[in-house]
Amino acid sequence: MRLSTPDTTLRWGGGGRPGGGDGISSPIRRIPSLTLQISVFGRSVQTQISNERYFLVGAGALGCELVKNFAMMGLGCGPHGYVSVTDDDTIERSNLTRQFLFRNWMIGQSKSSAAANVGVSLASSIPNALGC
């Protein structure tokens, strides 16, 4: 997943390791939600989701929730997928109660950059687990 912001471009995923014989690589078995997701929707749907491209406007309260959900579901983590996040606001102390991705030490930083960095750290194990 690549997160593009006005001042940073980050990418997670797109590694290109094929999965195991059953289409699910062994590390994914340690992530129950992804195993369930693939068992419900199927490997082909998960591959399609991981190769989608998204443009997310706003990294506020709803944007933070979407960044977390995108990362945990493997959205945009495939070789052709990415997520672009943009928000021209900066993190203020009043944001910390409703925008859970942000911490005290992030006050003053760009919301889009901080959300992108947190999204990358949340999804760091997802692409290899998906075999993307």
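Biologist: In what order do the helices and strands of the chain run from the N terminus on?

Modeller: This is a predicted model, and the chain in it holds five helices and four strands. Read from the N terminus on, the elements run β-β-α-α-β-α-β-α-α.

Biologist: What share of the residues of the chain counts as buried?

Modeller: A residue counts as buried when its relative accessible area is under 20%. The chain has 132 residues, and the share of them that counts as buried is 42%.

Biologist: Which elements give two or more residues to the largest nonpolar core?

Modeller: In soluble globular proteins, nonpolar side chains tend to be buried together. The largest nonpolar core here has 16 residues, and those that touch the most other members are V67, V85, L101, F102, M106 and A115. The elements that give two or more residues to this core are α3, β4 (82-86) and α4 (111-122).

Biologist: Which residues does M106 touch, not counting residues up to four places away in sequence?

Modeller: M106 is one of the core residues that touch the most other members. With residues up to four places away in sequence left out, M106 touches I91, L101, A114 and V118.

Biologist: How many aromatic pairs are found in the whole structure, and which residues form them?

Modeller: A pair of aromatic rings is described by the distance of the centres and the angle of the planes. A search of the whole structure finds one aromatic pair. Its centres are 5.1 Å apart and its planes are at 40°, which makes the pair tilted; the residues are Y54 and F70.

Biologist: Where in the chain do Y54 and F70 lie?

Modeller: The pair links distant parts of the chain, with the two positions 16 residues apart in sequence numbering. Y54 belongs to strand β3 (residues 53-57), and F70 belongs to helix α3 (residues 61-73).

Biologist: Is F70 buried or exposed?

Modeller: The cut-off for a buried residue is under 20% relative accessible area. Its partner Y54 has 27% and is therefore partly exposed. F70 has 12%, so F70 is buried.

Biologist: Which side chain meets that of K111 in a salt bridge?

Modeller: Side chains of opposite charge can pair when their charged atoms come close. The structure holds two salt bridges. In one of them, with 3.2 Å from N to O, the side chain of K111 meets that of D89. This pair links distant parts of the chain, 22 residues apart: K111 lies in helix α4, and the loop between β4 and α4 holds D89.

Biologist: Why does K111 count as buried?

Modeller: Leaving aside neighbours within four places in sequence, K111 is in contact with several residues, including A59, G60, T90 and F102. Its bridge partner D89 counts as partly exposed because its relative accessibility is 31%. K111 counts as buried because its relative accessibility is 5%.

Biologist: What is the N to O distance in the salt bridge of E65 and K68?

Modeller: E65 and K68 both lie in helix α3, three residues apart, which is about one turn of the helix. E65 is partly exposed at 32% relative accessible area, and K68 is partly exposed at 26%. Their side chains meet in a salt bridge with an N to O distance of 3.1 Å.

Biologist: Which residues make the nonpolar surface patch of about 330 Å²?

Modeller: V40, found in helix α1 (residues 32-41), has 56% relative accessibility and therefore counts as exposed. The patch of about 330 Å² is made by L36, V40 and F41.

How values were computed
Residues are numbered from 1 along each chain as its sequence is written. This is a predicted model: local features need pLDDT of at least 70, side-chain atom pairs count only at pLDDT 80 or more; totals for chains, interfaces and linings use all residues. Side-chain values use heavy atoms; hydrogens and water are left out. Patches are made of residues with over 30% relative accessible area and no salt bridge: like charges are joined within 9 Å, nonpolar side chains (Val, Leu, Ile, Met, Phe, Trp, Tyr) within 5 Å. Accessible areas come from the Shrake-Rupley method with a 1.4 Å probe; for residues, only the protein chains shown count as cover. A salt bridge is a side-chain nitrogen of Lys or Arg within 4 Å of a carboxyl oxygen of Asp or Glu. Buried means under 20% relative accessible area, exposed over 50%, partly exposed in between (1.4 Å probe, protein chains only). Rings of Phe, Tyr and Trp (its six-membered ring) pair if their centres lie within 6.5 Å; planes under 30 degrees apart count as stacked, over 60 as edge-to-face and the rest as tilted. A nonpolar core is a set of buried Ala, Val, Leu, Ile, Met, Phe, Trp, Tyr and Cys residues joined through side-chain atoms within 4.5 Å. Contact means heavy atoms within 4.5 Å.
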